[in-house]
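Work through the exercises below with the sequence and the 3D view side by side. Each task is followed by a solution that goes step by step.

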Amino acid sequence: RDDVDEVRVVMTAEKSGPLLIAIGSGKGGVGKSTLTANLAIALSRQGMKVGLVDADIYGPSQQVIFGTQDAKPEARDNKLVPVESRFGIPMLSMGHLVQPGRAIAWRGPMVGNALSQMIDAHWGNREVILIDLPPGTGDVQLTMLQKYKPAGAVLISTPQDLALIDAARAGQLFEAAGVPIIGLVENMAGYACPHCGEVSDPFGSGGVEAASERLELPFLGRIPLDLAIRQGSDAGDPPAAGDGDLAQPFNAIAGKLAE
Ligand code: ADP
């Protein structure tokens, strides 16, 4: 597809500011934050200078994964200075801008404002900034995509939630904003029983790849359902930071993005 080729061109071209890549999903809880965090780490391990913005206003979680819960970003020249994380990836999260534990019931303009502060921050020499988008395909997302015009978007879904990221919705949203979809990722397919090793598919498998073909979008990869992924995220030890089998799917997706 032409627009995918365009993204590749943009990604390799010389550019002054960092390239913005959005990670989106049709709904919450499908692994968008997990993918964003692990992709940032995998890209960084492959030598790219990566930054991360957690724009998930409903449940920002990157500060937990990156161990920056207690950080308070400083401002210099009226701009935020990203927080250094334990993986050497500077980041800013909605979680840094609100008081911990306080429910976030913000209106569109406030969300836009917070987001502007995070994106227009002192990103220094970062080449790429991954943006963990809020789930869904509402006005906030559309405004955000139109305003910052990321170079491309990666969409993640579990096999059974596919209808939610199908052409009718996500496709339209990103198209309306003029943001090309780089590809789709399937999460939580294939669960290996920790006792007998038998692989089952609680949420089905292959649906996202089939949808990619239908939509003529690249399929970027499949992440298995594995307890260690959840435990690692909660403990601030995401799989892409290690050298185990679970780092592989993230490394492979990062490799395709960096191509
Ligand atoms: P989202 O950002 O889409 O709301 P998260 O990335 O926060 O979703 O994931 C929701 C929960 O599921 C988190 O507890 C996360 O650790 C867990 N999770 C995500 N992907 C997997 C996976 N492949 N295997 C096991 N747990 C996962």
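A residue is called buried if 20 or more other C-beta atoms lie within 10 Å of its own, exposed if 12 or fewer do, and partly exposed in between, with C-beta atoms placed from the backbone. The model is a predicted one, in which local features need pLDDT of at least 70 and side-chain atom pairs count only at pLDDT 80 or more, while totals for chains, interfaces and linings use all residues. Residues are numbered from 1 along each chain as its sequence is written.

**Exercise 1. Decide whether Thr36 is buried or exposed, and list its contacts.**

Begin with the location: Thr36 lies in helix α2, where helices (H or I, at least four residues) and strands (E, at least two) are DSSP runs numbered from the N terminus. Next, count the neighbours: 28 other C-beta atoms lie within 10 Å of Thr36, so Thr36 is buried. Then look for contacts, meaning pairs of residues whose C-beta atoms, placed from the backbone, lie within 7 Å. Once neighbours within four places in sequence are left aside, Thr36 is in contact with Ile23, Leu52, Leu130 and Asp132.

**Exercise 2. Compare the surroundings of Gly28 and Lys32, starting from the record.**

The UniProt annotation "binding site", from an unreviewed entry, covers Gly26, Lys27, Gly28, Gly29, Val30, Gly31, Lys32 and Ser33; UniProt positions are given in the numbering used here, feature names are shortened, and annotations may be inferred rather than shown by experiment. Gly28 sits in the loop between β1 (19-24) and α2, and it is partly exposed, with 14 other C-beta atoms within 10 Å. Lys32, by contrast, is found in helix α2 and counts as buried, because 26 C-beta neighbours lie inside 10 Å. Not counting residues up to four places away in sequence, Gly28 touches Tyr58, Gly59 and Pro135, while Lys32 is in contact with Ile23, Gly24, Ser25, Asp132, Pro135 and Ile156.

**Exercise 3. Describe the shell of residues around the ligand.**

A residue belongs near the ligand if its C-beta atom, placed from the backbone, lies within 6 Å of it. On this basis 18 residues surround the ligand, and the closest are Gly31, Lys32, Ser33, Thr34 and Arg230. Turning to the elements, α2, β8 (181-192), β10 (219-225) and α10 (227-234) each supply at least two residues of this shell.

**Exercise 4. Find which helix gives the most to the largest nonpolar core.**

A nonpolar core is a set of buried Ala, Val, Leu, Ile, Met, Phe, Trp, Tyr and Cys residues joined through C-beta atoms within 7 Å. The largest has 63 residues, and those with the most contacts inside it are Ala22, Leu39, Ala40, Ala55, Leu130, Ile131 and Val154. Helix α2 (residues 32-45) gives the most to this core, with seven residues. As for Val154, its contacts beyond four places in sequence are Ile21, Ile23, Ile182, Gly183, Val185 and Leu220.

**Exercise 5. Explain why the buried residues of helix α6 line one face.**

First collect the buried residues of α6 (residues 139-148), which are Val140, Gln141, Met144 and Leu145. Seen down the axis of α6, they fall within an arc of 125° (taken from the directions from the helix axis to the C-beta atoms), so they line one face of the helix. On the other side of α6, Asp139, Gln146 and Lys147 are exposed. Finally, just after α6, Lys149 takes a positive phi of about 40°.

Technical notes. Two residues are in contact if their C-beta atoms, placed from the backbone, lie within 7 Å.
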